[in-house]
Amino acid sequence: MSKSVRSPVGIVWRKELKDAIRDKRSVMAAMSYAFFGPLLMAVAFYVMISQLTDPSDVEIDIKGAEHAPALIDYLQQQGIIEREKDWPAGQQPIELVIGETWADDIATAQPAPVTLTADFSATKQRSDIRRIEKAIEGYSSKLSFIRLQMRGLDPRVVQPIDLVKHDTATKGSRSAILMGSVLIFILLSVFFSGMNVAIDISAGERERNSLELLLSQPLSSHQLVLGKAFAASCFAMFGGVLSVVLIPLIFRFLPLHEIGISVAIEWPMMLLMVLMLAPLALFATALQLFVSFRAKSFKEAQTYISFLLMLPMLAVFGVEFARLKNPVLYYLPLTGQHQALLDIIKGEALQWLPLLVSGVVTAIVSLLIIRFIGRMLASEKVVFGL
Amino acid sequence: MIQVTELRKQFGKVTALDGLTFTAPEGQITGLLGPNGAGKTTCLRTIYGLLKADSGQALIDGIDASKQPLEARRNIGIFPDKFGLYERLTAREQVAYFAALHGLEKEAGQAAVQEALERLDMLAIADRKATGFSQGQRMKVALAQAIVHRPKHLILDEPSRGLDVMSTRILRDLLRELRSQGTSILFSSHVMQEVAALCDQVVVVAKGKVAAQGTTEELCQLTGESALEEAFVKIIGTDEGIAA
């Protein structure tokens, strides 16, 4: 017998990869998430941007327009016009009522009542309402300037402070909130893309009755699991790389500049993101193998893994919404990569040490899980379900 | 040589092996004959180290698989109780995978795989994917996997189940050929004919113990019966779980 030239890990890895690539379902699963995730985001953003930058006229009900033709003219210049169509179902009408006493009030310099009736909590109408308020305020200050000038006063006396706003929000940091959700897609891509392969090479192996023979070969169960984990990680990375490449590409086609957001992720940063995802892919795969090696069938494993997918989502959304700012987050698996990705997208300086530490910690935890699965498979209780 | 001494194994309250002792010497075919649930599969799994015996030991050329599993497994070919194929791999790729796991790669691996495929007369299906293979073709792939690294010991768990006459013949010829090359072959069965036709030595197992041991003739003499079947029924005291 010739001497063993390669570690069994490599043999298992190569076989599993070949097997998985031939499985169209696995390849489709890995690709579809990476494709449709970012695409879905793009559509969502597109709708959001077009709503935010809506340049069309605001159509509202105006009562008593005949009392204040000058105000109506001004509002029209600001793109606020009288509505002729009915309000669509489910939308609260916005109504502006100009009092009958308008002309007299203006003439005698009394505050003229104008009533704005609307559902102020309706998010869809918020920007419309804000535009109406601004227009009315604008007209109001225009009038007061004229009145002061007519009385021989410098209008500037009623403006004791000139507030100059310097917006220090870089375009990048403004986009961070938006991009937070995109990050979740990138992070989860490694969890989704390798999932099918992970199930197939663990629970699938048991289901098709090939596990017993495989475990009776001259390789340790640890080597076997390691080879399998690397194969599934390759698929996870395939999805990860796809989404890292696709997401910036898709954003290039979105009119993000219209809402004052710039997302420019350069090649070195993309490369860094891919490097960051690598240990995470191994981590995801190790967790998936852990649960699905315990399952007796493909179906059972799928059930467990869908629960497992909640874990990264909870971690990422939890940190996002609870606005956790604990420095430990920078060092842990998953949250460490999440924070670093946030920094990259905000365009902030990267914290290299935590980044490195979280990468190493992720890899070590993954290898420990893999070692544990190896021990698990050496136990007859787990293998034969005794 | 495979030596099994005083093997005991308990699953909960069920005693699967109860002091099983026998040897499977080189150049001989040893048949493990017993009714369903006698402990045959448990015994074989213990020999290649997938199950741990509560006491006693199983040695393969003096190596205990529970202590040095990798060393022990290098010297054995296994045809397990359940074998599943990788449906997306061709027969050749499956056999090559197991050859590689035994350290046979590249040219050496290809040559070994080719030899095993030729020996089992399966060149016609060698480069087809396993999806759609018949039971007999699947069995051949599993057999090729077991012998590709030319093991000194061959352990087969009910190898003839589901086989047609032609496949059974190929299996028998293969086992005889390997025996003549000095391989020690241990196989379990509950099919009388098969055991009678093939085995140099029969170990009758019942309730986890060796009920009798010897050649077919010896067993018949022992019980005073002329057919192995009758002898067998007499030995285990019941005809339950036996196929003629």
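Colleague: Which residues of H13(A) do Met269(A), Met273(A), Met276(A) and Leu280(A) in H11(A) meet?

Modeller: This is a predicted model in which local features need pLDDT of at least 70 and side-chain atom pairs count only at pLDDT 80 or more, whereas totals for chains, interfaces and linings use all residues. Residues are numbered from 1 along each chain as its sequence is written, while chains are lettered from A and ligands numbered from 1 in the order in which they are written. The contact (C-beta atoms, placed from the backbone, within 7 Å) joins the four named residues of H11(A) to Gln337(A), Ala340(A), Leu341(A) and Ile344(A).

Colleague: How do the residues of this contact of H11(A) with H13(A) divide by class?

Modeller: The classes are nonpolar (Ala, Val, Leu, Ile, Met, Phe, Trp, Tyr, Cys, Pro), charged (Asp, Glu, Lys, Arg) and polar (the others, Gly among them). The contact of H11(A) with H13(A) divides into 7 nonpolar, 1 polar and no charged residues.

Colleague: Are H11(A) and H13(A) roughly parallel or roughly antiparallel to each other?

Modeller: H11(A) spans residues 267-294 and H13(A) spans residues 335-346, both helices (DSSP runs of H or I, at least four residues; strands are E, at least two) of chain A. Their axes (lines fitted to C-alpha atoms over the stretch in contact, with angles from 0 to 180 degrees between N-to-C directions) lie 11 Å apart, at an angle of about 170°. Because angles over 145 degrees count so, H11(A) and H13(A) are roughly antiparallel.

Colleague: Which element gives the largest share of the side of chain A that touches chain B?

Modeller: In the contact between the chains, 26 residues of chain A face 26 residues of chain B. Two or more residues on the side of chain A come from each of helix H1 (8-22), helix H9 (211-215) and helix H15 (380-383). That side divides into 10 nonpolar, 7 polar and 9 charged residues. Its largest share, 5 residues, comes from H1(A).

Colleague: How far apart do the C-alpha centres of domain 1 and domain 2 of chain A lie?

Modeller: Chain A is divided (by an automatic or database assignment) into domain 1 (8-50 + 173-383) and domain 2 (54-158). The C-alpha centres of these domains of chain A are separated by 53 Å.

Colleague: Which helix of chain B gives the largest share of the side of domain 1 that touches domain 2?

Modeller: In chain B, domain 1 (1-75 + 152-244) and domain 2 (83-150) are assigned, with C-alpha centres 25 Å apart. The contact involves 9 residues of domain 1 and 10 of domain 2 of chain B. On the domain 1 side, 5 residues are nonpolar, 2 polar and 2 charged. The largest share there, 4 residues, is given by helix H6 (residues 165-180) of chain B.

Colleague: Which are the edge strands of the open sheet of chain B formed by 4 strands?

Modeller: The order is S2-S1-S4-S5 (chain B), and the pairing (at least two DSSP bridges between two strands) is antiparallel. S1(B) and S2(B) pair over 8 bridges, S1(B) and S4(B) over 5, and S4(B) and S5(B) over 2. Pairing on one side only marks the edge strands of chain B, S2 (14-24) and S5 (63-64).

Colleague: Which residue takes a positive phi in the hairpin of S4(B) and S5(B)?

Modeller: Ile60(B) is the bridge partner of Ile2(B) and also stands opposite Ile63(B) in S5(B). The hairpin has 2 residues between the strands, and the positive phi, near 50°, belongs to Asp61(B).

Notes: Parallel < 35°, antiparallel > 145°, perpendicular 65-115°, else oblique. Contact = placed C-beta atoms within 7 Å.
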